Amino acid sequence: MNISAIGKTLDQPLLISKLKDKTPKILAAAAFTYGIYDTFKTPKEERKNRGIKNAVILSTVVGTSLISAFGLKMPAGFGRSGLSGGKQLLKGLVNVRSKDGILKNQNEVVDKFLKNNNVPKNVSNVLQKAKTRLLNVKDTETILNMENITGRGADITKGQDVACLKAKEELLETLFSKKEDLNAREIFEETGRLSVLGLMPVVSGVLSGIAAEKITKENTPENSSNKIKEGAYQFLANIFMCNVGAAGALFGAERLQKAGVIKSLTPLKKLGVIMGGIFVTGIMGGSFVANFIGKKVLDPIFDKKKGTNTELKPVWNPYLADSLNTFTSKQKGFENFKMPSNDTVKQHNNHGLKHHHKKHHKGLYNERKPELLDMALHTDDIATAGVLSGFKWIEPMLPLMYTISGYRAGIGYRNGEK
């Protein structure tokens with residue numbers, strides 16, 4: 001089976017539009033199902049509070065993910081357009097055309113192509129199918145491999161061959177996503193757009209998580225700290241740094257290409273370069289940066305809010321030992337009591353200081369280690385790579401992945417802790 005045909009089949013604008021239309025229903029159903037499951041698996045006495053928190057966090061994060069991705073539209077009947085559709089209040093960050101607009105455009109281009117060109121019968125049948133519905137892999141392969149195209153009403157000339165090639169190119173760019181050769185500025189604009197798209201659900205997760213615990217009266221500085229730290233981890237390790245790595249790798253490749261060091265990259269080679277940048281900068285570096293900020297910046301801030309005293313006070317004062325021993329030896333029942341020696345006190349204090357140091361200065365990865373789900377969340381990096389290299393079919397599904405990041409931030413996830 002032709003790999004190129006599979007890629008083109010997945011990149012049909014009509015398929016991407018249908019995925020976008022189904023995403024809200026899939027995401028809402030998944031969030032509702034998980035919320036019910038998570039609530040009823042907790043002990044009975046905790047279910048009420050757990051249910052409230054799940055309802056607040058999941059509804060907020062799902063709503064934010066969908067609005068930031070697809071925008072917000074006024075319901076039909078409230079705007080000037082009446083029942084035909086409502087007014088667009090907010091524009092989303094995922095660029096997907098409507099199904100009706102795509103089909104209208106495909107009909108026009110297919111009719112124009114068939115009118116001006118002679119094509120084999122099997123190709124003509126597939127193109128007629130493309131006017132109303134999706135193409136399968138076999139259909140796509142037929143179009144990609146079509147030959148013996150000639151113009152109508154004229155002898156075949158060199159000029160006519162060129163016209164046929166241009167017509168075929170226009171047809172392919174209409175039925176399948178158009179290739180984009182992004183320059184450096186456009187590369188960073190795209191990564192910025194995708195980073196904002198991921199940031200919104202994470203921020204809403206942190207805020208809704210804190211609000212939910214205020215409602216259930218379970219809010220503490222430590223819980224708030226964990227939510228902010230997990231939000232930083234999700235955004236930096238699973239979203240932002242990966243986008244930086246993708247853009248950096250593609251920018252570097254573009255510089256080398258302009259300098260004549262390497263040849264122009266095909267979409268598949270571009271994908272490989274981008275995934276390499278994601279692995280080095282995002283997967284390896286992102287979790288380090290997130291944990292570093294959590295330990296060195298956020299922990300000290302919330303330690304102050306909790307009123308934590310970072311100096312360990314001695315339990316015993318060795319300078320009062322002799323006086324206390326004299327006093328206690330005269331009291332009934334204290335005849336055999338003896339204060340610890342100065343050496344014992346020092347040993348006790350040193351042990352306490354070591355314990356304190358270990359608690360507050362433990363390794364960066366002791367608190368939040370990368371897990372299997374964190375690795376799975378890097379599936380969204382394929383979308384980043386896809387957008388930058390010319391494959392866009394995963395982009396409408398990004399709200400599903402970013403909702404997981406937002407929910408984990410909302411519950412303040414810390415390696416199994418909720």
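# A tour of the predicted model

The protein has 15 helices and four strands; helices (H or I, at least four residues) and strands (E, at least two) are DSSP runs numbered from the N terminus. This is a predicted model, in which local features need pLDDT of at least 70 and side-chain atom pairs count only at pLDDT 80 or more, while totals for chains, interfaces and linings use all residues. Residues are numbered from 1 along each chain as its sequence is written, and side-chain values use heavy atoms, with hydrogens and water left out.

**Whole chain**

Start with everything selected. Of the 418 residues, 42% count as buried, where buried means under 20% relative accessible area, exposed over 50%, and partly exposed in between (1.4 Å probe, protein chains only). The accessible surface comes to about 23700 Å², and carbon and sulfur atoms hold 60% of that; areas come from the Shrake-Rupley method with a 1.4 Å probe, and for residues only the protein chains shown count as cover. Among contacts (heavy atoms within 4.5 Å) with a separation of 6 or more, 78% join residues 24 or more positions apart.

**Colour by confidence**

Next, colour by pLDDT, the predictor's confidence in each residue from 0 to 100. The mean for the protein is 77, and 72% of its residues reach 70 or more. Select helix 3 (residues 47-70) for the highest confidence, at a mean of 96, then helix 11 (residues 321-329) for the lowest, at 48. Residues 79-84 have pLDDT below 50, and this stretch has six contacts in the model beyond near neighbours in sequence. Residues 309-321 are also below 50, with 14 such contacts. Where pLDDT is low, the predicted coordinates should not be read in detail.

**Salt bridges**

A search of the whole structure finds 10 salt bridges, each being a side-chain nitrogen of Lys or Arg within 4 Å of a carboxyl oxygen of Asp or Glu. Side chains of opposite charge can pair when their charged atoms come close.

Select Lys-53 and Glu-218. Their closest N and O atoms are 2.9 Å apart. Lys-53 is in helix 3 and Glu-218 is in the loop between helix 8 (184-215) and helix 9, so the pair links distant parts of the chain, 165 residues apart. Lys-53 counts as buried at 14% relative accessibility, whereas Glu-218 is partly exposed at 29%. Add Glu-213 and Lys-227 to the selection: with Lys-53 and Glu-218 they are linked in a network of salt bridges.

Move to Lys-112 and Glu-170, which form a salt bridge at 3.6 Å, N to O. This pair also links distant parts of the chain, with Lys-112 in helix 4 and Glu-170 in helix 7 (residues 158-175), 58 residues apart. Both count as partly exposed: Lys-112 has a relative accessibility of 44% and Glu-170 one of 34%.

Then select Arg-414 and Glu-230, whose side chains meet at 2.8 Å, N to O, in a salt bridge. Arg-414 lies in the segment after helix 15 and Glu-230 in helix 9, 184 residues apart. Arg-414 is buried at 5% relative accessible area, and Glu-230 is buried at 0%.

**Helix 15**

Step back from Arg-414 to helix 15 (residues 398-411). Its 14 residues reach 21 Å from first C-alpha to last, close to the 20 Å expected, where the expected span is 1.5 Å times one less than the number of residues. Is this helix mostly covered or mostly uncovered? Helix 15 is mostly covered, with 12 of its 14 residues buried; among them are Leu-398, Tyr-402, Tyr-407 and Ile-411. Just after the helix, Gly-412 takes a positive phi of about 65°.

**Three single residues**

Select Gln-106 in helix 4 (residues 99-116). At 4% relative accessibility, Gln-106 is buried. Leaving out residues up to four places away in sequence, Gln-106 touches Ala-130, Thr-174 and Leu-175. Pro-13 is 93 residues from Gln-106 in sequence, and their C-alpha atoms are 9.9 Å apart.

For a contrast, go to Lys-263, in the loop between helix 9 (221-258) and helix 10 (267-305). Lys-263 is exposed, with 75% relative accessible area. From Lys-263 to Ala-253 is 10 residues in sequence and 9.5 Å in space, C-alpha to C-alpha.

Finish at Leu-89, in strand 2 (residues 88-91). Leu-89 is partly exposed, at 44% relative accessible area. Add Ile-67, Leu-72 and Leu-90: with Leu-89 they make a nonpolar surface patch of about 310 Å². Patches are made of residues with over 30% relative accessible area and no salt bridge, like charges being joined within 9 Å and nonpolar side chains (Val, Leu, Ile, Met, Phe, Trp, Tyr) within 5 Å.
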